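Colleague: I am new to this structure, and I would like to go through it with you step by step. Could you show it to me before I begin asking?

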Amino acid sequence: MTLLVLDTPELAQKYEDLGDKQFTHGKLLIADLAVKPGESVLDVGSGTGRLTEYVADIVGSQGVAVGIDPLPLRIDIAQQKLRPNLSFGIAPAEDLSQFADASFDVVYFNSVFHWLEDKHTALAEAARVLKPGGRLGISAASKERPHTLQGVVREVLSREPFNHYGEQGWDGPLFKLDVAETIALLNAAGFSVTSAEIKTFTDYFDAPQTVIDFSTSSSFGNFLGKLPAEAKHAAIEAIKIALEALHTPKGIELQRHVIFTIAVKN
Ligand SMILES: C[S@@+](CC[C@H](N)C(=O)[O-])C[C@H]1O[C@@H](n2cnc3c(N)ncnc32)[C@H](O)[C@@H]1O
């Protein structure tokens with residue numbers, strides 16, 4: 001849970017304002033899950049709830065959309081989204097005890113799974129709250145194809161003096177899986193995987209600072225979060241210079257590779 005202590009009201013609001021990338025690929029995940037009117041859907045790690053709100057409109061008045069997240073500041077923003085069939089609560093993926101067994105048609109994790117160290121417990125909880133035959137959707141950063149930004153950060157952190165901080169110079173979500181590992185984990189947790197594929201997204205940012213703001217708010221303060229303040233400041237300045245080199249006429253061009261997995265509870 002130590003990853004969850006660095007969030008601030010400013011970071012939560014920035015995520016709400018800059019989280020378009022997760023929202024855009026989240027809509028693809030919802031399409032892959034074929035969410036239908038009348039269904040009950042749980043969004044695990046909903047953050048500020050933009051995708052949950054979108055799902056509430058799909059399931060309509062006969063369905064329900066519920067979002068949970070362990071960060072209270074993100075849930076505060078989510079709870080400002082008002083729909084009769086939409087609700088939010090504070091909880092981690094590893095403890096869904098507020099929900100009864102077999103209470104959802106669909107459970108999904110959008111840009112959350114790579115943050116979970118204990119994926120076994122999270123999947124056991126997802127399986128428990130899903131109805132038999134219920135669908136699970138996961139979008140998560142791919143271990144086999146690192147993001148462009150990760151390459152930039154790694155290169156900067158390999159330089160003096162950052163190379164002395166070792167593990168503290170952390171540069172991305174910690175618990176990524178590749179496609180084969182994702183499938184094996186889901187099979188072991190009692191799911192049948194129907195599809196698992198990497199989708200690539202090209203993002204354009206207007207300025208290096210926007211990339212830093214996006215990364216810091218998406219990681220709830222964990223982007224370079226373990227570097228001492230002075231080293232962090234210097235590393236960010238070096239990363240911004242390296243990002244300038246990636247400017248194209250459309251903006252700073254960065255690619256992300258996301259594994260989309262759909263599975264059915266056995
Ligand atoms: C990049 S944000 C994604 C938010 C949202 N799903 C979206 O698509 O915009 C990652 C989210 O994972 C959440 N998270 C981190 N650890 C978690 C855990 N153990 N259980 C559930 N959510 C967690 C964070 O609080 C954060 O809101």
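**Questions about the predicted model**

Colleague: Before the details, how is the shell around the ligand divided by class?

Modeller: Please keep in mind that this is a predicted model. The ligand is surrounded by 19 residues, and the closest are Tyr15, Gly45, Asp69, Ala93 and Asn110. Sorted by class, that shell has 10 nonpolar, 7 polar and 2 charged residues.

Colleague: Which side chain has an N or O atom 3.2 Å from a nitrogen atom of the ligand?

Modeller: Two other side chains deal with oxygen atoms of the ligand: a polar side-chain atom of tyrosine 15 lies 2.6 Å from an oxygen atom, and a polar side-chain atom of aspartate 69 also lies 2.6 Å from an oxygen atom of the ligand. For the nitrogen atom, the N or O atom at 3.2 Å belongs to the side chain of glutamate 94.

Colleague: How much of the ligand's own accessible area does the protein cover?

Modeller: On its own, the ligand has 590 Å² of accessible area. Of this area, the share that the protein covers is 95%.

Colleague: Which element gives the largest share of the largest nonpolar core?

Modeller: The largest nonpolar core has 28 residues, and those with the most contacts inside it are Leu42, Val107, Phe109, Phe113 and Leu136. Two or more residues each come from β1 (40-44), β2 (64-69), β4 (104-110), α5 (119-129), β5 (130-141) and α7 (179-188). The largest share, 5 residues, is given by α5.

Colleague: How many residues are in the second, separate core?

Modeller: Leucine 42, from the core just described, touches Val66, Ile68, Leu96, Phe99, Phe104, Val106, Val107, Tyr108 and Val129 when residues up to four places away in sequence are not counted. The second core is separate, and it includes Phe23, Val55, Ile75 and Val106. Its number of residues is 21.

Colleague: Helix α5 leads me to lysine 119; is this residue buried or exposed?

Modeller: Leaving aside neighbours within four places in sequence, lysine 119 is in contact with Phe113, His114, Phe175, Leu177 and Leu185. A polar atom of its side chain lies 2.5 Å from the backbone oxygen of leucine 116. Since a residue under 20% relative accessible area is called buried, and lysine 119 has 6% relative accessibility, this residue counts as buried.

Colleague: Which side chain is joined to that of glutamate 16 by a polar contact of 2.7 Å?

Modeller: Glutamate 16 has its place in helix α1 (residues 9-18), where, at 17% relative accessibility, this residue counts as buried. Not counting residues up to four places away in sequence, glutamate 16 touches Thr48, Arg50, Ile77 and Lys81. The polar contact of 2.7 Å joins its side chain to that of threonine 48.

Colleague: Why can helix α8 be described as largely enclosed by the rest of the structure?

Modeller: Helix α8 covers residues 208-218, and among its buried residues are Pro208, Val211, Ile212 and Phe214. The helix is largely enclosed because the number of its 11 residues that are buried is 9.

Colleague: Which residue just after α8 takes a positive phi, and which residues does leucine 71 contact?

Modeller: Leucine 71 has its place in the loop between β2 and α4 (72-78), and this residue is buried, with a relative accessible area of 5%. Leaving aside neighbours within four places in sequence, leucine 71 is in contact with Leu4, Asp7 and Phe220. The residue just after α8 with a positive phi, about 40 degrees, is phenylalanine 220.

Colleague: Where does alanine 34 lie, and is serine 111 buried or exposed?

Modeller: Most residues other than glycine have a negative phi. Alanine 34, with a positive phi of about 50 degrees, is partly exposed at a relative accessible area of 42% and lies in the loop between α2 (20-33) and β1. Serine 111 has a positive phi of about 60 degrees and is found in the loop between β4 and α5. With a relative accessible area of 16%, serine 111 is buried.

Colleague: What is omega for the cis peptide bond that joins glutamate 160 and proline 161?

Modeller: Most peptide bonds are trans. Proline 161 lies in the loop between α6 (148-157) and α7. For the cis bond between glutamate 160 and proline 161, omega is about -5 degrees.

Technical notes:
Residues are numbered from 1 along each chain as its sequence is written. This is a predicted model: local features need pLDDT of at least 70, side-chain atom pairs count only at pLDDT 80 or more; totals for chains, interfaces and linings use all residues. Side-chain values use heavy atoms; hydrogens and water are left out. A residue is near a molecule or strand if one of its heavy atoms lies within 4 Å of it. A polar contact is a pair of N or O atoms within 3.5 Å; within protein, one must be able to donate a hydrogen and the other to accept it, and residues adjacent in sequence count only if both atoms are side-chain atoms. Accessible areas come from the Shrake-Rupley method with a 1.4 Å probe; for residues, only the protein chains shown count as cover. Ala, Val, Leu, Ile, Met, Phe, Trp, Tyr, Cys and Pro count as nonpolar, Asp, Glu, Lys and Arg as charged, and the others, Gly among them, as polar. Buried means under 20% relative accessible area, exposed over 50%, partly exposed in between (1.4 Å probe, protein chains only). Helices (H or I, at least four residues) and strands (E, at least two) are DSSP runs, numbered from the N terminus. A nonpolar core is a set of buried Ala, Val, Leu, Ile, Met, Phe, Trp, Tyr and Cys residues joined through side-chain atoms within 4.5 Å. Contact means heavy atoms within 4.5 Å.
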